[in-house]
Amino acid sequence: MSLLHERSPKGRVGEALGLRATIMNSSHVVLPLVIGALWLGARAAAGFWLMAAALAGGGWSARQRMKLERARAGRPE
């Protein structure tokens with residue numbers, strides 16, 4: 001605050017303080033929203049990757065089971 005008083009032009013300290021208050025209050029609203037949106041996007045992406053891995057694992061498991069059943073029945077792949 002002392003730096004703000006020292007650096008602002010004479011007679012415009014109030015404007016500088018108002019601008020500082022506006023920036024501080026805006027950052028208290030905007031930054032949590034932005035960080036939350038980024039975190040939500042990261043969590044959503046992780047969920048999609050986990051689901052893709054689960055589906056790929058299920059597909060691989062089904063393919064292995066089909067190969068095993070065909071081998072038992074004596075049929076070629």
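R12 is a partly exposed residue, because its relative accessibility is 43%, and this value lies between the limits of 20% and 50% that separate buried from exposed residues. In this predicted model, the side chain of R12 meets that of E15 in a salt bridge, with 2.9 Å from N to O. The partner, E15, is likewise described as partly exposed because its relative accessible area is 48%. Side chains of opposite charge can pair when their charged atoms come close.

The count of salt bridges in the model comes to 2, and so we may ask which residue forms a salt bridge with E69. That residue is R65, and the closest N and O atoms of the pair are 3.2 Å apart. Why are E69 and R65 separated by about one helical turn? The two residues stand 4 residues apart in helix α2, and therefore about one turn of the helix lies between them. An α-helix has 3.6 residues a turn, so residues three or four places apart point the same way. As for their surroundings, E69 is partly exposed, with a relative accessible area of 42%, whereas R65 counts as exposed, because its value is 57%.

From these pairs we can turn to the helix itself. Helix α2 covers residues 13-73, and it is one of the 2 helices of a protein that has 0 strands. With its 61 residues, α2 reaches 89 Å from its first C-alpha to its last, which is close to the 90 Å expected at 1.5 Å a residue. The helix nevertheless contains a kink of about 30°, and this kink is centred on S27. Just after α2 comes G74, a residue that takes a positive phi of about 80°.

The outline of the whole chain can be described next. Taken along the principal axes, the C-alpha atoms of the protein fill a box of roughly 95 × 15 × 15 Å. The radius of gyration is 31 Å, whereas a compact globule of 77 residues would have one near 11 Å.

How much of such a chain is buried, and what does its surface consist of? Of the 77 residues, 3% count as buried, while the protein exposes about 6800 Å², of which carbon and sulfur atoms supply 68%. One part of the surface is a nonpolar patch of about 480 Å², made by V29, V30, L33, V34 and L38. Among these residues, L33 has its place in helix α2, and it counts as exposed because its relative accessibility is 60%, a value over the limit of 50%.

Key. Residues are numbered from 1 along each chain as its sequence is written. This is a predicted model: local features need pLDDT of at least 70, side-chain atom pairs count only at pLDDT 80 or more; totals for chains, interfaces and linings use all residues. Side-chain values use heavy atoms; hydrogens and water are left out. Patches are made of residues with over 30% relative accessible area and no salt bridge: like charges are joined within 9 Å, nonpolar side chains (Val, Leu, Ile, Met, Phe, Trp, Tyr) within 5 Å. Accessible areas come from the Shrake-Rupley method with a 1.4 Å probe; for residues, only the protein chains shown count as cover. A salt bridge is a side-chain nitrogen of Lys or Arg within 4 Å of a carboxyl oxygen of Asp or Glu. Buried means under 20% relative accessible area, exposed over 50%, partly exposed in between (1.4 Å probe, protein chains only). The expected span of a helix is 1.5 Å times one less than its number of residues. The bend at a residue is the angle between axes fitted to the seven residues ending there and the seven starting there. The radius of gyration is taken over C-alpha atoms; the globule rule is 2.2 Å times the number of residues to the power 0.38.
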